[in-house]
Amino acid sequence: MTRTWAPHEVLGYLRTTSFAAPELFAERHQAFEDEALALLHAHAVDGSLVEEATFRVLLARRPEGAR
């Protein structure tokens, strides 16, 4: 799967995660966002960042009668 992100979209996504939630940064939150956005722009090509993801799904079930 390929997904294209704009730098500000990545930053918006980060705000929703448990590892980059605003409350974790206290007074440094704005500095974190400013630096993250600068780095994202530095790595963007023509204003876009491309995410390549592979998903694997393992389907299994227990044998009849197993708990």
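**Entry 1: Glu33 and Arg15**

I looked up the pair Glu33 and Arg15 in this predicted model and found a salt bridge between the two, with the closest N and O atoms 2.6 Å apart. Glu33 belongs to helix α2 and Arg15 to helix α1, so I noted a link between distant parts of the chain, 18 residues apart. I then checked how accessible each partner is. Glu33 has a relative accessible area of 8%, which is under 20%, and therefore counts as buried. Arg15, at 40% relative accessibility, is partly exposed.

**Entry 2: The two helices**

I next turned to the helices that carry this pair. Two packed helices are described by the angle between their axes and the distance between the axes. For α1 (residues 7-15) and α2 (residues 29-43), I recorded axes that come within 9 Å and cross at roughly 140°. This angle makes α1 oblique to α2, because a value has to be over 145 degrees to count as roughly antiparallel. I entered the crossing of α1 past α2 as right-handed.

Which residues make the contact? On the α1 side I listed Pro7, His8, Val10, Leu11 and Arg15. On the α2 side I listed Glu33, Ala36, Leu37, Leu40 and His41. Sorted by class, the contact of α1 with α2 has six nonpolar, two polar and two charged residues. Both partners of the salt bridge in my opening entry, Glu33 and Arg15, appear in this list of contact residues.

**Entry 3: Arg3 and Glu51**

How many salt bridges does the structure hold? I found two. Besides the pair of Glu33 and Arg15, the side chains of Arg3 and Glu51 meet at 3.1 Å, N to O. Arg3 lies in strand β1 (residues 2-5) and Glu51 in strand β2 (residues 49-52), so this pair ties together parts that are 48 residues apart in sequence. I noted that Arg3 is partly exposed, at 36% relative accessible area, and that Glu51 is partly exposed as well, at 29%.

**Entry 4: Positive phi in the loops**

I finally looked up backbone angles in two loop residues. Ala26 has a positive phi of about 50°, although it is not a glycine. Ala26 sits in the loop between α1 and α2, and I recorded it as exposed, with a relative accessible area of 53%. Asp46 is also a residue other than glycine with a positive phi, near 55°. I placed Asp46 in the loop between α2 and β2. Is Asp46 buried or exposed? At 77% relative accessibility, I entered Asp46 as exposed.

Technical notes:
Residues numbered from 1 in each chain as written. Predicted model: local features only at pLDDT ≥ 70, side-chain atom pairs only at ≥ 80, totals over all residues. Heavy atoms only, no water. Axes fitted to C-alpha atoms, helices over the stretch in contact; angles between N-to-C directions. Helix = DSSP H or I, 4+ residues; strand = E, 2+ residues; numbered from the N terminus. Parallel < 35°, antiparallel > 145°, perpendicular 65-115°, else oblique. Left-handed = near helix turned anticlockwise from the far one by under 90°. Contact = heavy atoms within 4.5 Å. Nonpolar A, V, L, I, M, F, W, Y, C, P; charged D, E, K, R; others polar. Salt bridge = Lys/Arg side-chain N within 4 Å of Asp/Glu carboxyl O. Buried < 20%, exposed > 50% of the residue type's maximum accessible area, 1.4 Å probe, protein only.
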